[in-house]
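Subject: Handing over the structure

Hi there,

Here is the structure I promised to pass on to you. Have a look at it first, and then read on for what was found in it.

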Amino acid sequence: MLELDGLRKRYGDRVALDGVTFSVRPGELYGFVGTNGAGKTTTMRITLGVLEPDAGTVRYQGKPVDSATRRTFGYMPEERGLYPKMRVGDQLRYLAELHGLSRGDADKAAKYWMERLSVAERAGDRVEALSLGNQQRVQLAAALVHHPAVLVLDEPFSGLDPVGVDNLAEVLRERAAEGVPVVFSSHQLELVERLCDSIGIIYRGRMVATGTVDGLRASRAERVLTVGTEAGAGWADRIPGVVSAEYGADGATLLLTPEADDQVVLDAARALGPVREFTPKRASLAELFREAVADHDGDGDGAPAAEPEPGPGASASGAASADPAASAAPAAPTEPATAEPAPTADSEGPTA
Ligand SMILES: Nc1ncnc2c1ncn2[C@@H]1O[C@H](COP(=O)(O)OP(=O)(O)OP(=O)(O)O)[C@@H](O)[C@H]1O
């Protein structure tokens, strides 16, 4: 199990993380979602030891994570970053060897992941000659090539075409099925809802919700029910637990408290005539996300607070989409895929 416990981080005066706690079980696919600037990248960088927290611990299998354990993790950083001048196949073999694979195993693993992620034809090309989407696939291969025990991926789906999205979703499901804890961040909430066992929502450096989507649905403040009936307006107004009701020609849309007994509502409607429809509305993750964020929004306007501009000295690497439901464009590669030293042969290393 991967456990993040009470992570805190400030950048100057800005509190980026304010006690981030969640855990990812073996075999669990965990979707980490949040508004821009909420703290996802900071959390992931701390998990991989690229950044030190001011407080808090990251544990794997019950022990604080050290650099040896981190070498067994697969990480896809938000800032991307492959060696632009290095050829795709050489790069993957090199990274696999850096993580301890023998030359032969590194070669096999590089070939396997280039096939799986559909970049095998580009094995001999320099990374800089690839389209951004294909660079992204190579970046994913780089995170996967050493058979990681844990996967931490910062917006792995951004910039992929629909085939690439499906391909990666299948790979992540497979890794999870083999018992790997997988955590990834994304602004594509429909995808996260479809794919993930558990979800964490971070807002302004705090976890505002975590659990399964069904669990989050069950704990929401209100439920929505559509009732198809010819009973006239006002029939549901006095039913205990009905917060509000909207009446139309085909029936009513009711807002219920979590404790309300929907069977009481059904009985009341049936007493007035036939009921043709009785449908609880399932909240989408996008709706749950907006509610969770609005509940924790200090200005009380129900809309997510805008991310303030970074202060002097802030990194520009947080560039991403402006909307939680939109996908981010991948950044140009700038740094190596791991926190390892730059290669010495056949490469000029990462550009600054
Ligand atoms: N190097 C830095 N220096 C100063 N402030 C920083 C730095 N990196 C991040 N921050 C700030 O910390 C907060 C969290 O940023 P972080 O990049 O972790 O958010 P995020 O959830 O990954 O955002 P996005 O979805 O936009 O990628 C933001 O307020 C950001 O401006």
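Below is a short tour, from the whole chain down to single elements.

Please keep in mind that this is a predicted model.

**The whole protein**

The protein holds ten helices and 14 strands. Of its 352 residues, 41% are buried. Among contacts with a separation of 6 or more, 71% are between residues 24 or more positions apart.

How is the protein divided into domains? Domain 1 takes in 2–216 + 312–318, while domain 2 covers 221–281. Between the C-alpha centres of domain 1 and domain 2 there is a distance of 45 Å.

**The sheet with β1**

A good place to begin is an open sheet made of four strands, in the order β2-β1-β4-β5 and with antiparallel pairing. Its edges are formed by β2 (14–24) and β5 (63–64), each of which pairs on one side only. Strand β1 (residues 2–11) and strand β4 (residues 55–60) run antiparallel and are joined by five bridges. If you would like a spot to zoom in on, find R8, which stands opposite A55 in β4.

Which helix lies across this part of the model? Helix α1 (residues 40–47) lies across β1, β2 and β4, and runs at about 120 degrees to β1.

**Helix α6**

Next, please turn to helix α6 (residues 162–177). With 16 residues at 1.5 Å a residue, α6 should span 22 Å, and its end C-alpha atoms are indeed 22 Å apart, so the two values agree.

Which residues of α6 are buried? They are L168, L172, R175 and A176. Looking down the axis of α6, you will find its buried residues within an arc of 95 degrees, which means that they line one face of the helix. There is a simple background to this: an α-helix has 3.6 residues a turn, so residues three or four places apart point the same way.

What do the buried residues of α6 pack against? Their partners are β3 (29–34), α5 (132–144), β7 (150–154), β8 (182–185) and α7 (189–195). The other side of α6 carries exposed residues: P162, V163, D166, E170, E174 and A177. Just after α6 comes G179, with a positive phi of about 100 degrees.

**The sheet with β14**

The last stop is another open sheet of four strands, ordered β12-β13-β11-β14 and paired antiparallel. Here the edge strands are β12 (242–248) and β14, each pairing on one side only. On average, neighbouring strands of this sheet are turned by 15 degrees against each other, direction ignored.

Strand β11 (residues 223–229) runs antiparallel to β14, and six bridges join the two. Two pairs are worth picking out on screen. T226 has T279 in β14 as its bridge partner, and T229 stands opposite V275 in β14.

How many of the seven residues of β14 are buried? The count is zero, and strand β14 (residues 275–281) is hardly covered. As a reminder for reading both sheets, strands of a sheet pair through backbone hydrogen bonds, either parallel or antiparallel.

Enjoy exploring, and do write back with any questions.

Best wishes

Note on methods:
Residues are numbered from 1 along each chain as its sequence is written. This is a predicted model: local features need pLDDT of at least 70, side-chain atom pairs count only at pLDDT 80 or more; totals for chains, interfaces and linings use all residues. Domain bounds come from an automatic or database domain assignment. Two strands pair if DSSP finds at least two bridges between them. Two residues are in contact if their C-beta atoms, placed from the backbone, lie within 7 Å. Axes are lines fitted to C-alpha atoms, for helices over the stretch in contact, and angles run from 0 to 180 degrees between N-to-C directions. The expected span of a helix is 1.5 Å times one less than its number of residues. A residue is buried if 20 or more other C-beta atoms lie within 10 Å of its own, exposed if 12 or fewer, and partly exposed in between; C-beta atoms are placed from the backbone. The arc is that of the directions from the helix axis to the C-beta atoms.
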